[in-house]
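Good morning, and thank you for coming. I would like to take you through one model today, from its overall make-up to a few single residues.

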Amino acid sequence: MSVSEDFLNKLVARALKGDRKAIAKIITLIECNPYIAIEYEDILFAKRHEFTVIGVSGAPGVGKSSIINLLIKELRSTNSKVAVIAIDPSSIISGGSLLGDRVRIRYLDEGAFFRSISTIPESDVPWKACPIIEFLGSIGYDYVIVEHPGAGQVDIKIHDISDILIIVLQPLTGDEIQMLKAGLLELGDIYVINKYDLPQAELFYNIVTSIIHSNEELTKSPIIKVSTISGLGIKELVNAIVNVKRELVRTGVIEKRRLRRRLACIKNAILSDLKAKLNESLTDIESKYEGIKYREIRFYELYNRVLKLIRDSVCRN
Ligand SMILES: Nc1nc2c(ncn2[C@@H]2O[C@H](COP(=O)(O)OP(=O)(O)O)[C@@H](O)[C@H]2O)c(=O)[nH]1
Ligand SMILES: [Mg+2]
C-alpha cells in the first residue's frame, strides 16, 4: 500500500483532533507497511507528547483484558487518555481471542482507543507494534497499554517495549508457581494476583509474595490482589502504576526504557529486513547452482556467496 506525504499529513491532522477513523487508518497503514514509520517519521511523530507504555503480560485466560477494561475506566476518571493494543497471536488461525478482548474491553469513550494486532502464534511482539505504540503516544494518549499473552512464561519482548510491565497471575495453577520458581518473573514492575474471589487465593498470594520478595531486586515490588468481578484492587493497581512511574522518572530509568524500546524496534526491523534478504539470496543461489552436483559445492563457498549477496543487496539500498 503506497501512501503520499500529502495524504498522510491530512490524516495525521485529523488524528490529532481525535478522529478515530483517521487514527485507525494510520494504524492500518503502519500494520501493512511498518517502514512508513521510518520514512515518514517527521509527519507521523511531529507532535511530541509524554506517554507511558504499560505492558500487561500473563498466560491466556488469567484476566488481562478484564483488568485492562477496569484500568481504562479508572485512568479515564483522572482524565488520562488511554489507548490499548492487544497483541493477538491466535487470530490468524482461529479468529482468536480477538473477540474475547473486544467483548471484555467495554469502557471506550472518546478518550480511549482499542486496537488488536494479529501475529502468528508463538511469535514475539511484532515490530510493527512499536511504531503504532509511538504513534498513539505522540498524538496525545497518556497511557498506551499493550496486552500480550505470555504463553506460560513472560515474554522478553514485551519487557523490551514497556516502560512499566505488569505481570498477571491467577490462583491455583501449578504452571504459575513453576514459572516463579524458574525465576522467569524477575522482569515485572508490578504483579497482580487476579481472580482473588477464587478459593485459595490467599494461600497463592502468600506463596507468590514469598517467592517474589525473596529476590533481592524485587523486595519492594508491589503485588496487588485483584478481582475484576468486584473491582477489588483496581485503585491500588493505578496507585502502583503512578508510584512506579514517579520512581522511574526520578531515577531517570524511564529514559533508558524509552531508548530500549526504540532499539528493540529497530533491531526487529533490521532482523526482518535481513531475513527477507537471506531468503531472496538463497532462492537466487539455488537457481544458479542448478545442475551442479552437490558434492562439488563446498559449505564455505556457499556461505560466502550468500553473505556477499546479502551485503550487496544491503549496500544497494
Ligand atoms: N472468577 C474470576 N474470573 C475472572 C476474573 N477476571 C477475569 N475472569 C474470567 O477469566 C476469563 C478470561 O478473562 P480475560 O480477561 O479474557 O483473560 P485474558 O485472556 O488474560 O485476557 C473470563 O472468563 C473472565 O470472565 C476475576 O477476577 N475472577
Ligand atoms: Mg485478552
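I shall begin with the chain as a whole, then turn to the core, the ligand and some individual positions.

Please keep in mind throughout that this is a predicted model. The protein chain averages a pLDDT of 86, and 86% of its residues score at least 70. One stretch calls for caution: over residues 91-96 the pLDDT is below 50. That stretch has 8 contacts in the model beyond near neighbours in sequence. Where pLDDT is low, the predicted coordinates should not be read in detail.

As to the general architecture, the protein chain contains 14 helices and 7 strands. It has 317 residues, of which 37% count as buried. If we take the contacts with a separation of 6 or more, 75% of them join residues 24 or more positions apart.

Let me move to the interior. The largest nonpolar core has 70 residues. Which of them touch the most other members? They are Val84, Ile85, Ile133, Val144, Ile145, Val146 and Val192. The core lies between domain 1 (1-46) and domain 2 (47-251), because both domains give residues to it.

Val84 deserves a closer look. Apart from neighbours within four places in sequence, Val84 is in contact with Ile68, Ile72, Ile105, Phe113, Phe114, Ile145 and Glu147. Ile145 is thus a contact of Val84 and, like Val84, is among the core residues that touch the most other members.

Ile133, also on that list, belongs to the buried residues of helix H8. This helix spans residues 129-138 and is mostly covered, with 10 of its 10 residues buried. Among them are the charged residue Glu134 and the polar residue Ser138. Just after H8, Gly140 takes a positive phi of about 120°.

A further buried position is Ile167, in strand S5 (residues 164-169). Ile167 counts as buried because 29 other C-beta atoms lie within 10 Å, the threshold being 20 or more. Its C-alpha atom is separated by 6.0 Å from that of Val56, although the two residues are 111 residues apart along the chain.

Now to the ligand. What surrounds ligand 1? There are 18 residues around it, and the closest are Gly63, Lys64, Ser65, Ser66 and Lys195. The elements that give two or more residues to this shell are helix H5 (64-76) and helix H7 (98-104). H5 provides the largest share, with 3 residues. By character, the shell divides into 4 nonpolar, 10 polar and 4 charged residues.

Lys195, one of the closest residues to ligand 1, is also of interest for its backbone. Most residues other than glycine have a negative phi. Lys195, which is not a glycine, nevertheless has a positive phi of about 60°. It sits in the loop between strand S6 (190-193) and helix H11 (201-213). Is Lys195 buried or exposed? It counts as buried, because it has 22 C-beta neighbours inside 10 Å.

The loop between S6 and H11 also holds Gln200. Phi of Gln200 is near 70°, again a positive value in a residue other than glycine. In its surroundings, however, Gln200 stands opposite to Lys195: with 10 C-beta neighbours inside 10 Å, Gln200 counts as exposed, whereas Lys195 is buried.

Two further lysines fall between those categories. Lys225 is found in strand S7 (residues 223-225). It counts as partly exposed because it has 16 C-beta neighbours inside 10 Å. Setting aside neighbours within four places in sequence, Lys225 is in contact with Ile193, Tyr196, Tyr205, Leu232 and Gly233. Lys225 and Gln170 are 55 residues apart in sequence, and their C-alpha atoms are 9.9 Å apart in space.

The other is Lys277, in helix H13 (residues 253-288). Lys277 has 18 other C-beta atoms within 10 Å, and is therefore partly exposed. Not counting residues up to four places away in sequence, Lys277 touches Ile310, Ser313 and Val314. The C-alpha atom of Lys277 is separated by 9.9 Å from that of Leu307, which is 30 residues away along the chain.

To close, I would return to two points. The core lies between domain 1 and domain 2, since both contribute residues to it. Lys195 is one of the closest residues to ligand 1, and has a positive phi of about 60°. Thank you for your attention.

Methods: Residues numbered from 1 in each chain as written. Chains lettered and ligands numbered in written order. Predicted model: local features only at pLDDT ≥ 70, side-chain atom pairs only at ≥ 80, totals over all residues. Core = buried A, V, L, I, M, F, W, Y, C linked by C-beta atoms within 7 Å. Buried ≥ 20, exposed ≤ 12 C-beta atoms within 10 Å, placed from the backbone. Domains from an automatic or database assignment. Contact = placed C-beta atoms within 7 Å. Helix = DSSP H or I, 4+ residues; strand = E, 2+ residues; numbered from the N terminus. Near = placed C-beta within 6 Å. pLDDT = per-residue confidence, 0-100.
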